[in-house]
Amino acid sequence: MLNKEQFLAALRARITGLPKDDLERTLQYYREMIDDRIEDGMTEFEAVADVGDPAELAEAILQKPVKQTAVGVAKPPKAPKERKPMSGGAKVALIIVAALLIIAGVGVILASLNFGGRNAMEKEYTFANAGIRSFVLETGAAEVKLLPAKDGICTVRCIESATLKYKVWQNGDTLHVVRERSGAWSFFGASLKEDYVCVYLPEQAYDSLWVKSSSGGVSVPEDFRFTTAVITVSSGGVGFSADVTEQLAIEASSGGVAVMNASPNELQVRASSGGVALSDMRPGSVALHLSSGGLRLSGVHCTGDLGAESSSGSIRFSDVIARGKMKLECTSGSIKLEDCDADELYIECTSGSVSGNLLTPKTYVARATSGSVRVPSGSSGGLCEVKTTSGSIHFE
Amino acid sequence: MDIQMKRGLLDACVLASIRGAPSYGYQIIKDLKPYVEMSESTLYPILRRLETAKLLTVRSAEHNGRLRKYYHITPQGLQRLETFKTDWNELLAIYQYIVREDGGHAE
């Protein structure tokens, strides 16, 4: 007794000679036949048995359409088909088919991945002059894009399909766009080719933006200003150029993060394996945590403290200034500071080197366990404490 | 029954089952059950052949969280049914001749 997936696998194995389109279409046809019988009240095993035996069906499928199998007229038992003795070539083909079964299994998953793409359509939700000030956006594989609305109306455009729908609603002054999981297809994380949620905003200044995306990226252009923005992505990337006044927090698991222009009082970025690049920002205090991605800052002038820690990625700062403490920690990457400065610096590297030049004189306290040390002498200016275990220290 | 005759009959049966409204595979088989015992493996090549000949079109639509293929008859498909009726009127005349009780002489 076979279940549905066993039946389909058995059938697939016997008809692998077919062109890919025909193969998938045929399997989908039989899958549908089983599903319809189950819906009619049969159990899965009954439905599979009623559809037929994979070996006999495969013979029928592989025959040219001219040769019809015998059809009884209003006779309950199906007419038996003749079994052809298997030729030597067919035996060899079966051995190859057995080896291809693993690939076929992948093929089933790939086919179902693409399946959600059919009948995808763009849906539009409009909220005209509805006093929307904040956003809660949650997607799976769809990219989240904020865009200026040229028509003065707040509009959400997203791609929906049989397997992917969004709930879009307004609660008070907050617009919610949340992905709805539907059916077993979401198990495969079916991703559509054109998968996006675009939010068109008529105004420039808003209150809070809260975005969570799984594998879709997030893109927020410079046209906007938020009081707070919290963005969490899993494997998608984040491109953020808007202004933020109070707090900007971004967390990315494996996607990269690129931020420009924003000047929040508090900036926090946490990245696991993606890199982080910040440029041309005037934030208050900055806290950066990276695991294995690299950290690149350029033209970032903080009015407060800047703290950055990186596990295995390197840290490269260019024109980075902190009116406060700058604390940098790197486990296995190196640290390079170019035209940087802070009131006080604490730099610690475990196995990487530290090098660079600071804009104002500092009192250097440098300790390298096994590497060389070369720093400017003198003891004016704020403290710059540098420690490394197996790298060297070199400041101009 | 002669195989060529049967094939033409089955094609027409399937077209007739979707003439009034679009239908789907399993439903077509159920509808034809009183007239023809058709298996999945018989129906499939018929549907493919009718689609290739543009006598029907296939569209997927959502049903209970899955996609189901629906078959829609085309104007050409309706034309084919008309042709079938004409052919069979001719055939009926021949049948009458064959089974006539009083021998084969024309009147």
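What percentage of the 396 residues of chain A count as buried? The figure is 41%. I should say at the outset that this is a predicted model, and that every value I quote this morning is computed from it.

Let me stay with chain A for a moment. Its secondary structure comprises five helices and 25 strands. The accessible surface of the chain comes to about 18,900 Å², and carbon and sulfur atoms account for 52% of that area. As for the contacts in chain A with a separation of 6 or more, 35% of them are between residues 24 or more positions apart.

I turn now to the salt bridges. Over all chains, the count comes to 21. I shall discuss a few of them, beginning with one inside chain A.

A:R31 forms a salt bridge with A:E5, and the closest N and O atoms of this pair are 3.9 Å apart. A:R31 belongs to helix α2, residues 20-39, and A:E5 to helix α1, residues 4-14, so the bridge ties together parts of chain A that are 26 residues apart in sequence. The two partners are covered as follows. A:R31 has a relative accessible area of 17%, and therefore counts as buried, the limit being under 20%. A:E5, with a relative accessible area of 43%, is partly exposed.

Helix α2 also takes part in bridges to chain B. A:D36 forms a salt bridge with B:R68, with the closest N and O atoms 2.8 Å apart. Because A:D36 lies in helix α2 of chain A and B:R68 in strand β3 of chain B, this pair joins two chains. A:D36 is buried, with a relative accessible area of 3%. B:R68 likewise counts as buried, at 3% relative accessibility.

A further bridge is formed by the side chains of A:E39 and B:R66, at 2.9 Å from N to O. Here again the pair joins two chains, because A:E39 lies in helix α2 of chain A and B:R66 in strand β3 of chain B. Which of these residues is buried, and which is partly exposed? A:E39 is partly exposed, with a relative accessible area of 38%, whereas B:R66 counts as buried at 13% relative accessibility.

In addition, a network of salt bridges links A:D22, A:R25, B:R48 and B:E51. Its members thus come from chain A and chain B.

Next, the surface patches. On chain A, a negative surface patch is formed by A:D280, A:D319, A:E338 and A:D339. I can place two of its members in the secondary structure. A:D280 is found in strand β15, residues 276-281, and counts as partly exposed at 48% relative accessibility. A:D339 has its place in strand β20, residues 335-349, and is also partly exposed, at 36% relative accessibility.

Chain B carries a nonpolar surface patch of about 620 Å², made by B:L92, B:I94, B:Y95, B:Y97, B:I98 and B:V99. One of these, B:I98, is found in helix α4, residues 75-99 of chain B. With a relative accessible area of 63%, B:I98 is exposed.

A word on backbone geometry. Most residues other than glycine have a negative phi. In A:D339, a member of the negative patch, phi is near 55°, a positive value. B:N64 also has a positive phi, near 50°. Where does B:N64 lie? Its place is the loop between β2, residues 56-63, and β3, residues 66-73, of chain B. At 62% relative accessibility, B:N64 counts as exposed.

My last example is A:E385, in strand β24, residues 383-388 of chain A. This residue counts as partly exposed, at 22% relative accessibility. With which residues is A:E385 in contact, once its neighbours within four places in sequence are left aside? They are A:L345, A:Y346, A:I347, A:V365 and A:R367. A:K362 is 23 residues from A:E385 along the chain, and the C-alpha atoms of the two are separated by 9.5 Å.

To close, I would return to the pairs that join the two chains. A:D36 with B:R68 is one of them, and A:E39 with B:R66 is another. Thank you; I am glad to take questions.

Technical notes: Residues numbered from 1 in each chain as written. Chains lettered and ligands numbered in written order. Predicted model: local features only at pLDDT ≥ 70, side-chain atom pairs only at ≥ 80, totals over all residues. Heavy atoms only, no water. Patch = residues over 30% accessible without salt bridge, like charges linked within 9 Å, V, L, I, M, F, W, Y side chains within 5 Å. Areas by Shrake-Rupley, 256 points an atom, 1.4 Å probe, with all protein chains shown as cover. Salt bridge = Lys/Arg side-chain N within 4 Å of Asp/Glu carboxyl O. Lys, Arg positive; Asp, Glu negative; His and termini not counted. Charge placed at Lys NZ, Arg CZ, Asp CG, Glu CD. Helix = DSSP H or I, 4+ residues; strand = E, 2+ residues; numbered from the N terminus. Buried < 20%, exposed > 50% of the residue type's maximum accessible area, 1.4 Å probe, protein only. Contact = heavy atoms within 4.5 Å.
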